[in-house]
Amino acid sequence: GCLVWQLNDIWPTGGWGSLEYGTVGHTPGQVLGGRWKPLHYLYERTLYRDVIAACGDGGCYVKNDRAAAPFAGHVLVQALDLATGGLSALKTEAVDLDAGPATIAFFDLPRSVEATREILVITCVDADGTTVATNEAYFATPGALVLPEAEVTAVVGDGGDVVLATNATALFVTLTTLANGRFEDNSFTLLPPGRTIKFLPFDDAFDAALLASS
């Protein structure tokens, strides 16, 4: 579940809002045009997609909101072991849904989730192999999850690539910066050994030193 309190706030942090927007030049880190905050990246991966799948204690569903197009493909449900960072496939469900909106199909999982030790990673894949939505399902509050102690490092290259490394599962990894631009993805689950995130400048005056220092 997700409680939405407000659309925007001025603080360039993890914060409550969905969009970061305020007075440029007043709050350090504000950039012209604003940026997405963690909630907005979550929306983009899930709620703002025309096809979405989700799972709960009673099983899973996949829904097609494409008004003029069917959805044919499959839903891959994987269990992420928080202790090891390993992904294991629980089910691959073939899907053939008529055009929507709200065309829906339900399916079961072969076993229950270990609520404090696992989360589900649910991926909708089109017939051509394109990932159209990714959703992570939690069955316990974040504070109740049994997590390893993760050490996350970030190294910024000259071109704006941010190389992230971790020795263990890290949830809700969020990047912030004073530089004028945005990250291609943010507020995500980071698994060993890590991943590379591109920084996308808003103008030609890319300040690599500012990105690296902040």
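Here are some numbered notes to help you find your way around this structure, which is a predicted model.

1. A good place to begin is helix H1, which covers residues 38-45. Six of its eight residues are buried, so the rest of the structure largely encloses this helix. The buried ones are Pro38, Leu39, His40, Tyr41, Tyr43 and Arg45. If you would like to see what covers them, look for strands E2 (19-20), E3 (35-36), E10 (131-137), E14 (181-183) and E15 (188-190), which are among the elements that do so.

2. Next, have a look at the largest pocket, which holds about 1,300 Å³ of space. Its lining is made up of 37 residues, and those closest to the centre are Leu42, Arg45, Glu136, Tyr138 and Phe172. Two or more lining residues come from each of H1, E4 (51-56), E6 (71-81), E9, E10 and E15. Which element gives the most to this lining? That is H1, with six residues. By residue type, the pocket lining has 21 nonpolar, 11 polar and five charged members.

3. There is an enclosed space to visit as well. A search of the whole structure turns up one cavity of 30 Å³ or more, and the space in the largest cavity comes to about 120 Å³. Of the 15 residues that line the largest cavity, Glu20, Arg35, Trp36, Leu175 and Asn186 sit nearest its centre. E3, H1 and E14 are the elements that each supply two or more residues to this lining. Here the division is six nonpolar, five polar and four charged residues.

4. Now for the charged pairs. How many salt bridges does the structure hold? The count is 10. One of these links Asp9 and Lys37, whose closest N and O atoms are 3.2 Å apart. Asp9 belongs to strand E1 (residues 8-9) and Lys37 to the loop between E3 and H1, so this pair ties together parts that are 28 residues apart in sequence. Are these two partners buried or exposed? Asp9 counts as buried because its relative accessibility is 9%, and Lys37 is also buried, at 1%.

5. Two further salt bridges are worth finding on the model. Glu44 and Arg49 meet through their side chains at 2.8 Å, N to O. Glu44 has a relative accessible area of 28%, so it is partly exposed; Arg49, at 26% relative accessibility, is partly exposed too. Lys91 pairs with Glu93, and there the closest N and O atoms are 3.8 Å apart. Lys91 is partly exposed at 27%, as is Glu93 at 21%. Salt bridges with shared partners also join Arg45, Asp185 and Arg195 into one network. You have met Arg45 already, as a buried residue of H1 and as one of the residues closest to the centre of the largest pocket.

6. Finally, a word on Arg111. Where does Arg111 lie? You will find Arg111 in the loop between strand E8 (103-107) and strand E9 (118-126). With a relative accessibility of 34%, Arg111 counts as partly exposed. Setting aside neighbours within four places in sequence, Arg111 is in contact with Ala79, Leu90 and Glu118. The side chains of Arg111 and Glu118 are joined by a polar contact of 2.8 Å. To get a sense of scale, compare the positions of Arg111 and Ala150: they are 39 residues apart in sequence and 28 Å apart in space, C-alpha to C-alpha.

Notes
Residues numbered from 1 in each chain as written. Predicted model: local features only at pLDDT ≥ 70, side-chain atom pairs only at ≥ 80, totals over all residues. Heavy atoms only, no water. Buried < 20%, exposed > 50% of the residue type's maximum accessible area, 1.4 Å probe, protein only. Helix = DSSP H or I, 4+ residues; strand = E, 2+ residues; numbered from the N terminus. Contact = heavy atoms within 4.5 Å. Polar contact = N/O pair within 3.5 Å; in protein donor to acceptor, adjacent residues only side chain to side chain. 1 Å grid on protein atoms, 1.4 Å probe; cavity = no way out; pocket = protein on both sides within 12 Å on 5 of 7 lines; lining within 4 Å. Points joined across faces, edges and corners; volume = space filled by probe spheres on them. Nonpolar A, V, L, I, M, F, W, Y, C, P; charged D, E, K, R; others polar. Salt bridge = Lys/Arg side-chain N within 4 Å of Asp/Glu carboxyl O.
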